[in-house]
Amino acid sequence: MKSLNATADLLKTPLVIKISAFTFIAFAFFYLGKHWSDGYQQLIFFSTTRQTPSFVSLSPNHNKQFNITAIIAQNDTVAAPVKNLTIPSSAALTVPPPLPRVFGVIDENGAMRDDFEIGAFDPEFVENWVNGSEVESGNGGSQGSPRFTVKRYGLCPTTKKEYIPCMDNVEAIKKLKSTEKGERFERHCPKEGKGLNCLVPPPKGYRPPIPWPRSRDEVWYTNVPHTRLAEDKGGQNWIYREKDKFKFPGGGTQFIHGANEYLDHISKMLPDIAFGHHTRVVLDVGCGVASFGAYLLSRNVITMSIAPKDVHENQIQFALERGVPAMVSAFATHRLLYPSQAFDLIHCSRCRINWTRDDGILLLEVNRMLRAGGYFAWAAQPVYKHEEVLEEQWEEMLNLTHRLCWELVKKEGYVAIWQKPYNNSCYLSREVGTTPPLCDPDDDPDNVWYAELKTCISRLPENGEGAKLKTWPARLQAPPNRLQSVKIDFYISRNELFNAESKYWSEIIASYVRAFRWKKMRMRNVMDMRAGFGGFAAALIEQNFDSWVLNVVPVSGPNTLPVIYDRGLLGVMHDWCEPFDTYPRTYDFLHAAGLFSVERKRCNMSTIMLEMDRMLRPGGHVYIRDTLDVMDELQAIAQAMGWHSSLRDTSEGPHASYRILTCEKHLLRA
């Protein structure tokens, strides 16, 4: 009896009651699920062992197979209701950029293939442009300013489709007192208020350029629709037309068997030239269609190809369309826009220049630009033809180069090669009265902006700066000795500044590649409009971009051009208040970091933007990295030119004082 009472007391305890209730509920749910679940969805476990995609196994009936095709539509995800969120104007969002427009075919590694045929632009990329109409601009602005309207720039007449403002100024050229020394081929820029105020149109049928490396050998006829060169040079293996393309066999007047054979010949003549190792930066004078420079690229040599806009006026346009570095330039009465000791090799193959005229003033300009210990290669008729007039020219050349202390290191076949001395000792040991004399010690050989030529020999630095650089590619990241001569105010050493800039751009470009998918953009012809020490260009090389960069050093800042060339890069001096010496539509990518906040004190920002539009190819991109106070105006100008733009935060975040304006140029039609 006592045991029964004890059992009853135990059952009344709260713990037992809870256990019993839990057990009852569990059995109830199991029973209900077992008998009444046929009309409800069950959890599906997909089997990886079956090959037929419409059959799966379900648990707990894993041995049974069910066809789920019919019920897929019943399980579509239902869209959540849209909620409108109000974001404060002060909160800046970093929106992932859209995929860049790609002209071509991308392989699985993100690289552009060259085994395809490029067609016309996509219809949505071509815009019918109405001159003078109003467009809404701004996006709230960097300071929260309201949207506003701006007037579109009109399209220029079709006669200006290849307009170079400072080379095509007919009014100024007609007023020249003399043109016998080539003055008409130099810069004669429009006066203030008479510059370009419209958008240079493309030629009819313009197409996306053929990508590199195919473009080395062929370009679209409609992009450079001029047959004068093909007609004049048809028998010299320069260029010929085949259906809708121009083809470039790689030849030249002096190397009809091809540039590669010619380069091999030079290498055998003088192994010390060592293309891509000792010789990295080259100047090709009177370049034709730049096949010499085009074929040197495969040997890790970068060449600035120059020619005047003369009777064969489209030479440089062809070179840039091919994807080869080139500029419109002429040996006439002013220094070229490159620093002293810039080039490891200067080459002239039938460049039609009388080097000995006017006391050798033009060869003295070559001497200024040639690096200490550098080479001058001359391939011309006086070298190899035995005619009285030509032999006299050869003797004049020998006499002049001897007085310049150049050593004739090799003469073989139709090529002669001289070497410049490493220091001033030979110059100082010449007989008194020998011409040309040394330039005055206060003459700056790096002063090139509208600087007249001089009949004197530019002195080499007594400390040996510019001579005997490290070989390529080590010289790219090594702070050169000439860095110490740059006139710049900083509290840290110049070497530290150089290294800091290199690291800065290395990190920035790596972030651009990730965030903006730069590897999928066409970036062959690139210009850095405010280059500093060339850190941007060096970072592109570090990222293995198949591109070349023209580093522009503005006259408004310190002259860093010697450092850029010592690194093995190309550069030029320029004033952005004036037009640049290139044809329209010759660059794929323009980069401007801190340019406008400096130059707006000197000239109108719209002047620079219109010049950028003239140089940029349809489909090309612009990246402007600058302060907040210029961004609203820049974006408004971009809209007025038909660019598709977006304002983005830098990596420092929404509260930084800088922004990035990314732009894409569309193809505009009247």
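1. Axes in this note are lines fitted to C-alpha atoms, for helices over the stretch in contact, and angles run from 0 to 180 degrees between N-to-C directions. Helices (H or I, at least four residues) and strands (E, at least two) are DSSP runs numbered from the N terminus.

2. The model is predicted, so local features need pLDDT of at least 70 and side-chain atom pairs count only at pLDDT 80 or more, while totals for chains, interfaces and linings use all residues. Residues are numbered from 1 along each chain as its sequence is written, and side-chain values use heavy atoms, with hydrogens and water left out.

3. The protein holds 17 helices and 26 strands. Of its 670 residues, 51% are buried, where buried means under 20% relative accessible area, exposed over 50% and partly exposed in between (1.4 Å probe, protein chains only). Contact means heavy atoms within 4.5 Å; among the contacts with a separation of 6 or more, 67% are between residues 24 or more positions apart.

4. One open sheet has seven strands in the order 14-13-12-15-16-18-17, with mixed pairing. Strand 14 (326–328) and strand 17 (407–412) form its edges; each has a single partner strand, so one side of each is left without a neighbour in the sheet. From one strand to the next the twist averages 20°. Two strands pair if DSSP finds at least two bridges between them.

5. Within this sheet, strand 12 (residues 281–285) and strand 13 (residues 302–307) run parallel and are joined by five bridges. Opposite Ser305 of strand 13 stands Asp284, and opposite Thr303 stands Val282.

6. Strand 13 is largely enclosed by the rest of the structure, because six of its six residues are buried. In a regular strand the side chains alternate between the two faces of the sheet. On one side of strand 13 lie Ile302, Met304 and Ile306, and on the other Thr303, Ser305 and Ala307; both faces are covered.

7. Two helices that pack on this sheet deserve a remark. Helix 5 (residues 259–269) touches strand 15 (343–349), strand 16 (370–379), strand 17 and strand 18 (415–419), and its direction makes about 50° with that of strand 18. Helix 10 touches strand 16, strand 17 and strand 18, with its direction at about 15° to that of strand 18.

8. Helix 10 (residues 388–403) also packs with helix 8 (residues 357–369), at an angle of about 65° and with the axes 11 Å apart. Helix 8 contributes Asp359, Gly360 and Leu363 to the contact, and helix 10 contributes Met397, Leu400 and Thr401. These residues divide into three nonpolar, two polar and one charged, where Ala, Val, Leu, Ile, Met, Phe, Trp, Tyr, Cys and Pro count as nonpolar, Asp, Glu, Lys and Arg as charged, and the others, Gly among them, as polar.

9. Another open sheet of seven strands follows the order 21-20-19-22-23-25-24, again with mixed pairing. Its edge strands, strand 21 (570–574) and strand 24 (644–649), each pair on one side only. Strand 19 (residues 525–528) and strand 22 (residues 587–593) pair in the parallel sense over three bridges, and Phe589 in strand 22 is the bridge partner of Val526.

10. Helix 16 (residues 605–615) lies across strand 19, strand 22 and strand 23 (616–627), running at about 145° to strand 23. In helix 17 (residues 628–640), the buried residues include Leu628, Val630, Met631 and Leu634. Just after helix 17, Gly642 takes a positive phi of about 85°.
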